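This report goes through one protein model part by part. Look at the sequence and the structure first, then read on.

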Amino acid sequence: MIDGVPLHGGQLCQIAERFGIPVSQLIDFSANINPDGPPASALSSLRASLEDPRVLTDYPDLDEKELKRAIAGYVEAPTQSIVVANGFIPLLECALRTLRIRSCLVPVPAFVEYRRTLERADVAVIPHPVAAESNCRYEIDSMLASGHDAILLANPQNPSGVLTRGEVLRDLVRQAAERKITVLLDEAFIDYVPIESLKDDVAELPNLIVFRSVTKFHGIPGLRVAYAIANKLLAAALTDGLPPWSITTLAARGVAAALAEEGFGNRTRLLNESRKVQLRVGLEGMGISTYASAANFLLVRLPSHLDAASLWERLIVDHHVVLRNCANYEGLTAGHLRAAVRTQEQNRRLLAAVGSAIW
Ligand SMILES: Cc1ncc(COP(=O)(O)O)c(C=O)c1O
């Protein structure tokens with residue numbers, strides 16, 4: 001925590017300790033985890049795996065063949081273009097090392113670990129504010145103008161959830177290639193709008209790495225698996241640059257099963273859309289505006305008479321409802337909170353809590 005604000009969403013133990021409320025009584029809207037996950041097949045695969053002692057007594061497969069095959073099937077890409085690790089950050093660190101990135105432009109506000117990871121790797125960070133007034137639109141020309149050797153950006157963005165069309169980013173990557181700039185594209189939330197992914201472009205665009213997550217959409221942050229998609233040569237170099245056995249056999253099997261579950265994706269997208277409308281309409285009915293999010297969360301802009309820090313605290317203390325306190329987002333003005341889209345019942349509870357807290 002810094003100044004009483006957790007670095008990330010989902011830090012319920014810290015919140016419970018600070019406010020003296022049992023964790024079990026808190027309802028978490030601060031981490032953007034699909035409330036309908038994990039897919040049932042992930043759970044049954046994990047249970048079955050525990051019946052097999054080799055899951056514990058044998059080292060994981062060095063090549064992670066089964067996991068990569070499952071991911072390749074899910075994203076419809078060749079297995080040779082898939083790189084896997086125990087989360088997004090190890091993959092990003094590996095990309096920075098492998099490509100010897102020295103300076104990186106980062107549109108802000110953004111996932112707070114971008115800056116922390118770049119700084120740990122001694123990469124100069126060039127923050128590039130995206131304007132709330134332009135609905136956080138990426139300004140492609142100015143993003144290419146400052147002589148850096150990489151751009152690290154998300155689509156959809158976090159914390160706003162704003163989506164940039166794939167064709168716009170494809171154009172960015174092409175123009176970046178002419179200037180020898182690598183594009184590190186974080187698609188942690190793209191499963192909500194898979195049509196806009198650049199996953200199919202990596203063969204043609206060797207200056208592009210697409211980072212993907214199973215954490216949010218499949219609801220399995222605890223397994224710690226993420227993957228990247230890059231052209232085959234680059235994927236091989238990235239794989240070479242990673243430590244061996246970073247993914248446990250158990251996690252690999254759980255993720256493979258999660259990705260293979262039929263119908264989970266379409267069901268999640270449909271439910272998320274209707275629940276997001278429920279939240280947005282409810283908030284806007286109370287005079288609270290939201291950004292146009294394509295993901296499973298809403299960035300909330302409070303009217304000027306409401307103070308974000310005290311509303312955040314009141315929601316926790318009086319209603320046991322935890323939103324993401326956005327005070328530590330570089331480049332985000334005061335007056336914002338972020339709320340995950342949860343089940344209809346839980347969303348109703350959030351709306352009732354906000355209604356009562358701002359009264
Ligand atoms: C935009 C973004 N990228 C990456 C991550 C990390 O994802 P993973 O759990 O796959 O490491 C997060 C987690 O909050 C995120 O918000």
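## Two neighbouring strands

Leu153 has Leu185, in strand 6, as its bridge partner. That pair belongs to a wider contact: strand 5 and strand 6 run parallel and are joined by five bridges. The model is a predicted one, and every value in this report is computed from it.

Helix 5 lies across several strands, namely strand 2, strand 5, strand 6, strand 7 (208-213) and strand 8 (226-229). Its direction is at about 165° to that of strand 7. Helix 9, residues 232-240, also packs on the sheet, where it touches strand 2 and strand 7. The direction of helix 9 makes about 20° with that of strand 2.

## The whole sheet

How many strands form the open sheet, and in what order? There are seven, in the order 2-8-7-6-5-3-4, and their pairing is mixed. Strand 2 (82-85) and strand 4 stand at the edges. Each of these two has a single partner strand, so one side of each is left without a neighbour in the sheet. From one strand to the next, the twist averages 20°.

## A β-α-β unit

Strand 3 and strand 4 (residues 124-129) run parallel, and six bridges join them. One of the pairings involves Cys104, whose bridge partner in strand 4 is Val125. Together with helix 6 (residues 113-120), strand 3 and strand 4 make a right-handed β-α-β unit.

## Two helices in contact

Helix 2 (residues 40-50) packs against helix 10 (residues 249-260). The angle between them is about 145°, and their axes are 7 Å apart. The crossing is right-handed.

On the side of helix 2, the contact is made by Ser41, Ala42, Ser45, Leu46, Ser49 and Leu50. Helix 10 contributes Leu250, Arg253, Gly254, Ala257 and Ala258.

## Special points in the backbone

Two cis peptide bonds can be found in the loop between strand 5 and helix 8, at Pro156 and at Pro159. Asn155 and Pro156 are joined by a cis bond with omega of about -10°. The bond from Asn158 to Pro159 is also cis, with omega near 25°. Strand 5 covers 150-154 and helix 8 covers 166-178.

Arg100 has a phi near 50°, which is a positive value in a residue other than glycine. Arg100 is found in the loop between helix 5 (88-98) and strand 3 (103-108). Lys180 is not a glycine either, yet its phi is positive at about 60°. The loop that holds Lys180 runs between helix 8 and strand 6 (182-186).

Are Arg100 and Lys180 buried or exposed? Arg100 counts as exposed because its relative accessibility is 66%, over the cut-off of 50%. Lys180 counts as exposed too, at 72% relative accessibility.

## Cysteines without a disulfide

A disulfide is a covalent bond between the sulfur atoms of two cysteines. A search of the whole structure finds zero disulfides.

Why is Cys136 not in a disulfide? The closest cysteine sulfur, in Cys326, is 11 Å from the sulfur of Cys136, and this is too far for a bond. The cut-off for a disulfide is a pair of sulfur atoms within 2.5 Å. Cys326 is likewise in no disulfide, with the sulfur of Cys136 as its nearest cysteine sulfur.

Cys136 counts as buried because its relative accessibility is 5%, under the cut-off of 20%. Cys326 is buried as well, with a relative accessible area of 4%.

How values were computed. Residues numbered from 1 in each chain as written. Predicted model: local features only at pLDDT ≥ 70, side-chain atom pairs only at ≥ 80, totals over all residues. Heavy atoms only, no water. Buried < 20%, exposed > 50% of the residue type's maximum accessible area, 1.4 Å probe, protein only. Helix = DSSP H or I, 4+ residues; strand = E, 2+ residues; numbered from the N terminus. Pairing = 2+ DSSP bridges. Right-handed = clockwise from strand over helix to strand, strands pointing away. Axes fitted to C-alpha atoms, helices over the stretch in contact; angles between N-to-C directions. Left-handed = near helix turned anticlockwise from the far one by under 90°. Contact = heavy atoms within 4.5 Å.
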